[in-house]
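Please read the following dialogue beside the sequence and the three-dimensional view. A student asks and a tutor replies.

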Amino acid sequence: MSATTIDRAPRLARPNRRQEWGSPLTYFIALLFIAVCLAPVLYIVLGGFRSNSQITTSPAGLPSPWLFDNYLNVLASSTFWVELGNSAIAAIATTIGVVVLGLMVSFVLARYHFRGRGAMYSLFAAGLMFPMTVAITPLYILVKDLGLTNSLAGVILPQIGFGLPVTVIILVPFLKAIPDEIEEAAAIDGASRLGFFIRMVVPLSLPGVVTTGILAFVASWNSYLLPLFILNDPSTFTLPLGVQAFASQYSVDTAKVLAFTSLAMIPALLFFTLFERRIVGGLTGAVKG
Amino acid sequence: MSSLQGAAPVTDGQPPQVPAKAGEDAPRASSPAGRPRRRATDWRKRLEIGILSGPAIIVFVAFVIFPVFLAAYYGFFRWKGFGAPTDFVGLGNYKVIFADSAFHDVLVHNAIIVVLSLVIQGPIAVAVALLLNQKIRGRSLIRVLIFVPYVIAEVIVATGWSLMLQTNGAVNDLLQAVGLGAFRADWLADPKIAIWSLMVIISWKYIGFAVILFLAGLQGIPEELSEAAAIDGASYWQIQRRITLPLLGPTIRIWAFLSIIGSLQLFDLVYIIWGQYVASTAGTSTMATYMVANGRTSGNYGYGNAVAVVMFLISLVIALIYQRFVLRRDMAGAVTQGAK
Amino acid sequence: MKRKIRGAGILALGAATALLATGCTAGGGDNSGSNDGKVTMTFWHNSTTGPGKAFWEKTAADFEAAHQGVTIKIQSIQNEDLDGKLQTAMNSGDAPDIFLQRGGGKMAAMVDAGQVMDITDSISDETKSAINEGALKGESIDGKIYAMPIDVLPEGIYYSQDLFKKAGIDTPPATMDELNAAVSKLKTTDVAPIAVGAKDAWPAAHWYYNFALRECSEDTLQKAASTLKFDNPCWIKAGEDLKAFNATNPFNKGFLTTSAQQGAGSSAGLLANHKAAMELMGAWDPGVIASLTPDQKPLPDLGWFAFPSINGGEGAEGAMMGGIDGYSCSAKAPKKECTEFLNYITTKDVQEAYYEAFHAIPVNTAAQGVITEPYLKSVLEAYNKAPFVSQYLDTLYGQNVGNALNTGVVNMLAGKGSPQDIIKAVDEAAAKG
């Protein structure tokens, strides 16, 4: 399934299996592309090393001198770490919820035949059309009635709900593609459907699960609107909220805001770097079916 | 919105395992009434279905579907948001929406964003993906770096870019420094330019995702095909045109679908950069910002919810049309489940 | 294979645990109310920076110390987000106990929905004697008082005396013609004549309000609050005045995306850093400017003059636009403790501390003696002399119409609409809500 098992020879038809250097043109274009992608990020990161007057007088310049105070102050403040923790809890819980619930329901949709299956599938797919902005007011009332305002659960549960459509749409074809022969073999071996699910489906769908898990994690980590309205108590803020609150509290201090912002970027980037192979591998698997 | 733009494509179709089962598919969209009572195992099956799908359905219906209907309900009222709505106006809000010139503007803006997103990101992403689809040294690193903008929160992207694009910000300063001072402009405020600035920011954020997606798709294309063609004497470009691109088709079509849906629902970037008031003046307002400006910000909750319903219906119609006519041959329809 | 089963099982267990745990942490929604004589109140204000924020923290702490068993949980919310969050909170029955009240039509909507406590009978005599009756009237509807005023914020043009001198302007303009002349002179120097934070819409709209104040009679302005009809031709005349003024390019470049108060690039920030010479604002501005100067101290050369008079027009000479900041108790707040807090914040000592923190005019007349800044003294003088002080029009006419009015003005300034379009936008807004 995964493409990494196929070794691709370079275009110039050399039968080598080692990783070759590509042509200079390739690298040049890649470099250009990367430069464009990273320039704004660098702007934010470098901005944190400057002082406000540096930024005002020379907006596009490099730090001179390099000031570390901004970053150190942010790292030393408990606000940043508390918000980091909140974001982490919310993201991890959302991811687990989305993956577990999504896998279970995708399994049902992919491998059971029953009336109403089409309706159930359309139900989840229709959820794609409805973004959070649209549902926020009734959603807030619902969360409030459940007594979950100012708690991370009030953010996690709706996020799980909103993460299900994408998960279902990715996982159903994944699970559908598991050959029936395997299922039949498992049945012959005496395993129940449920056993088949746990023992064979979960491992086989791992690439798709990883992909959806990562997407859910990133979406939760970056989500802004829902926490904005559910979380009022600053001790429950997640990082995007923290960035906004910090930006308005220290609106004077552009440099400080940039420092906070770039530190807020790091966890997501780290996470992505660690799982990068899995992401692309998962996407490949999803695409290939 | 970011969760949408982040979805990976569904299967591109025809692995040999699936087709034979098509006939066994249960009839769609009928109510679950009238279950066959022939065997005791059916009860067990229903139980399994219930246990496995129950939690997901409960969470989804409670937090996604139910608010949808609630919003539709509120849309029939004029309501300030306090207490329960009492002023029933039926379709009155909808009539105002479709008569509002500001809403017409917004539809135009969304249409521009949809089309330009596809046109700008698609070809570039395909080209870059083709270029990077070689097992060269540093490939991993390149892929990671390209994906970075996608991973960053929209709040952060918006904050950073709006600082850079200020009249006295980094971009103008840089242009001045390299001698292109004549090109300095009011990137955010000039109604003629603002929408292009928005497109640049959107493309910047999401093109990496498109590239990764296409790379994944390309890796699903067996090498043997292009090798065989090369042996037959086809040039590189002929191979791309005749073999690679068509096989990449399903992936491209799925990406386009996600891009369209995401463009229709664009909110965060516009809201944070242009604020809730001037987006329409700058020519960058979208359906979502219109909804917030005329609904929540103005305290017209009934009206705002009606706009939300309109957004939902527009997205749904476009999605259904796209599914039916474009994606139909690729897969067993996601939204309509209309595969034969 | 066994590894995978355990993996899946642990996954499920972990999910359940995480969900449970997060449900238990951070508590449920804030509840106000007494338990065994202990009272907790939530308090929302809009000072997110330095001295203002510190002032509220100290004031709340002092109140808690003087009132055993009372706890006040403070939340500072960015000014532009406050109205939206308040709406959402009230809408779901989760309103804060004490909150900043803008007044006017916005307050009327809340009163109609039964969300605000009537504090007419709870105002202490001490407070009543110290506060101008007009200020209390400004916070009443139908004779009932719904908010405690805490400062008065008359509007006028704040300017940098140094920049004026550099441009060769000796006296502040008193008429529109003089203002136009000043603008031309300033354009020869390297600063923006007037800073306006149109991104937040209301700063730009305030120019329209003041022209309307000059063109329309007091009666017209007040009547429109109840009828929400703007047929009188003076409204269009005001728009044309503003359009003509805008045609002289008096505003800073990129004013469309300049915010009012956030950051050194905001209109207040431009003034604070001597990049702009004037700004039309209410009396909160010195405090905001002070937080944006390079040394974060009040701008030493800040001056003030009233909005210039125009030729013709039905508005009374010397009339002013002026807001009143007040604080309301929500209908569900604990009455005794909440009204005690409201009375507390208008006592002389607290009001003097308020002035120190915000550099705004406290409502307590005894505390006003503590004002030292010359410009604030000019403001107070003009305020006391004014025949008529109107609430800001967007507050007066309510959020719906107010927002449409503000956005309409911005559109016109950006060249996308005419004065008639402003009225049209306002009429359309009335249809939406």
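The exchange below takes up confidence, chain form, domains, packing and backbone angles.

Student: What kind of model is this, and from which number are residues counted along each chain?

Tutor: This is a predicted model, in which local features need pLDDT of at least 70 and side-chain atom pairs count only at pLDDT 80 or more, while totals for chains, interfaces and linings use all residues. Chains are lettered from A and ligands numbered from 1 in the order in which they are written, and residues along each chain as its sequence is written are numbered from 1.

Student: Which helix of chain B has the highest confidence?

Tutor: Confidence is given by pLDDT, the predictor's value for each residue from 0 to 100. Chain B has a mean pLDDT of 78, and 83% of its residues reach 70 or more. Helices here are DSSP runs of H or I with at least four residues, strands are runs of E with at least two, and both are numbered from the N terminus. Confidence in chain B is lowest in helix H1 (residues 2–5), at a mean of 36, and highest, at 92, in helix H4 (residues 101–132) of chain B.

Student: Over which residues of chain B does pLDDT stay under 50, with 90 contacts beyond four places in sequence?

Tutor: Two residues are in contact if their C-beta atoms, placed from the backbone, lie within 7 Å. Where pLDDT is low, the predicted coordinates should not be read in detail. The stretch with those 90 contacts in the model is residues 1–35 of chain B.

Student: What radius of gyration does chain C have?

Tutor: The radius is taken over C-alpha atoms, and the globule rule is 2.2 Å times the number of residues to the power 0.38. The C-alpha trace of chain C spans about 80 × 65 × 50 Å along its principal axes. For 433 residues a compact globule would come near 22 Å, and chain C agrees with this at 24 Å.

Student: How many helices and strands does chain C have, and what percentage of its residues is buried?

Tutor: A residue is buried if 20 or more other C-beta atoms lie within 10 Å of its own, exposed if 12 or fewer, and partly exposed in between, with C-beta atoms placed from the backbone. The secondary structure of chain C comes to 19 helices and 13 strands. Of the 433 residues in chain C, the buried share is 55%.

Student: Which helix gives the most residues to the side of domain 1 of chain C that touches domain 2 of chain C?

Tutor: Domain bounds, which come from an automatic or database domain assignment, place domain 1 of chain C at 33–150 + 324–373 and domain 2 at 154–321 + 391–432. Their C-alpha centres lie 28 Å apart. Across the boundary, 19 residues of domain 1 of chain C are in contact with 17 residues of domain 2 of chain C. With five residues, the helix that gives the most to this side of domain 1 is H4(C).

Student: How many residues of domain 1 of chain A are in contact with domain 2 of chain A, and which helix has the largest share of that side?

Tutor: In chain A the assignment gives domain 1 (21–67) and domain 2 (78–288), with 32 Å between their centres, taken over C-alpha atoms. Eight residues of domain 1 of chain A are in contact with seven residues of domain 2 of chain A. The largest share of this side of domain 1, three residues, comes from H1(A).

Student: Which residues of the largest nonpolar core touch the most other members?

Tutor: A nonpolar core is a set of buried Ala, Val, Leu, Ile, Met, Phe, Trp, Tyr and Cys residues joined through C-beta atoms within 7 Å. Leaving aside neighbours within four places in sequence, B:Phe214 is in contact with B:Ala125, B:Val126, B:Ala129, B:Leu248 and B:Thr251. Of the 320 residues in the largest core, those touching the most other members are B:Val211 and B:Phe214.

Student: Against which helices do the buried residues of H7(B) pack?

Tutor: Helix H7 (residues 170–177) of chain B has B:Ala170, B:Val171 and B:Asn172 as its buried residues. They pack against helix H6 (154–164) of chain B together with helix H1 (24–47) of chain A.

Student: Why does C:His359 count as buried?

Tutor: C:His359 is placed in the loop between helix H15 (348–358) and strand S12 (361–362) of chain C. Its phi is near 50°, a positive value in a residue other than glycine. C:His359 counts as buried because its C-beta neighbours inside 10 Å number 25.
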